[in-house]
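Colleague: I have the model open. Can we go through the cavity and then a sheet?

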Amino acid sequence: MATVPVYCICRLPYDVTQFMIECDACKDWFHGSCVGVDEDDAPDIDIYHCPNCEKTHGKSTLKKKKNWSKHDTGQSTDIKAVQNGSQVFIKELRSRTFPSADDVVVKLSGSQLTMDYLEENGFNEPILAQKKDGLGLSMPAPTFYISDVENYVGPDVGVDVVDVTKQTDSKMKLKEFVDYYYSTNRKKVLNVINLEFSDTRMNSIVESPQIVRRLSWVENYWPDDALLGKPKVTKYCLICVKDSYTDFHIECGGASVWYHVLKGEKIFFLIKPTSANLSLYERWRSSSNHSEMFFADQVDKCYKCTLKQGQTLFIPSGWINAILTPVDCLAFSGHFVHNLSVEMQMRAYEIEKRLKVKTLTPFPNFETACWYVGRHLLEFHFCSNMWYFNVNLHPHLTRHFSRRTHESGENTNSVRKAFFPSCTIGVWLRVCCTDEELDALILFQSLNR
């Protein structure tokens, strides 16, 4: 009677349902679960040595990352492109050098970061506060940790968990993720980046920086009696294990974002939102294999900024950024749109709409937020006449404007730009209003001069 061949250190017969890998030295086959090799990581292994052969032949080796240089010849090679976020990618990313963010990041104390400062200097470059003093920022005590997040938010709350190697997400209960976090044998690199907790008990012990609350459209202009609820984007908890990686992105709605590291450390890779860089980003993001291309290699400069424990970083609208977590980290963040970056916010939002990108941190009802801000600005400029315009004058003035431009031969676009130049209200109106609405507003403003 013929014997059944057995394999692996477990010495069991072949099982078609289990992933196996061949040792390049002894040529025996091993179950991935027995030797600690994940099926998703196997394509990145160049030469595999089983536990026994490691003693005489050395450890297994990984493939080299394909084409880190931005000067891609486009020629095919035999080397498999490595997924951004994979073990090989993280190892090579750590070994690379980047220009220091000191060239672009403004360092301020909390007391220096005021409305007067931003109105005078603008908010076009990242701002780093090395201490939270003076920011009006409330954070839990230094002893606060992941198990406390579970207690404050609730163990059965569902969270979106990112598998960093695959750059895919799935649902998990918070208690399941906490168990993973504290486990001694993490077989995957998992990451929670969008735990919005404003409706939980943790809301009472975390407060965003005062300057964010002063600027935020959602905080200041969203009506309490609105039919749609306020966008929940102001308070996120980020629980990231070592080697977590978030690929290059622009925040939804062109929002600015603040980060505070309570424990651990984060590394930000920052790219300026120049017209050229935004065009390159849109082309890269729309590519079917963008996850195999390191976007920083396609631009002139990508700056590296390390955010240490206790520090706070403010990233302006439109900045393209990626994030690496070099050690286990607990951080808090929030998104905000505001009057200082209207044009960039709209430009980023248009890119977002064209790309149709699905994200774990969307900005819900962004256009509605814009309309509430627009209503506030129009009421500020036109006061009580705004109601009369909306109810009684809009249809009549639109028809009248059409007749006037037709009879005079005036260019309607030039008329619109003349009445609403590139100021905050002008940019917002020219982007958000229909031509008919804008024409009526122009005439209405003319009648009130």
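Modeller: Start with the largest cavity, lined by L113, L118, F123, I127, I211, L215, F314 and F336. A cavity is a set of points on a 1 Å grid over the protein atoms alone, where a 1.4 Å probe fits but cannot get out; lining residues have an atom within 4 Å of a point. This is a predicted model: local features need pLDDT of at least 70, side-chain atom pairs count only at pLDDT 80 or more, and totals for chains, interfaces and linings use all residues. Residues are numbered from 1 along each chain, and side-chain values use heavy atoms, without hydrogens or water.

Colleague: Which class of residue lines the largest cavity?

Modeller: Leu, Ile and Phe count as nonpolar. The lining has no polar and no charged residues; its eight residues are nonpolar.

Colleague: Which strands stand at the edges of the open sheet?

Modeller: Strands here are DSSP runs (E, at least two residues), and two pair if DSSP finds at least two bridges between them. The four-strand order is β13-β18-β15-β16, with antiparallel pairing. A single partner leaves one side of a strand without a neighbour in the sheet, so the edges are β13 (244–249) and β16.

Colleague: Along strand β16, which side chains point to one face and are buried?

Modeller: Buried means under 20% relative accessible area (1.4 Å probe, protein chains only). In a regular strand the side chains alternate between the two faces of the sheet. In β16 (residues 303–308), K304, T306 and K308 point to the other face and are not buried. The buried ones are Y303, C305 and L307.

Conventions. 1 Å grid on protein atoms, 1.4 Å probe; cavity = no way out; pocket = protein on both sides within 12 Å on 5 of 7 lines; lining within 4 Å. Buried < 20%, exposed > 50% of the residue type's maximum accessible area, 1.4 Å probe, protein only.
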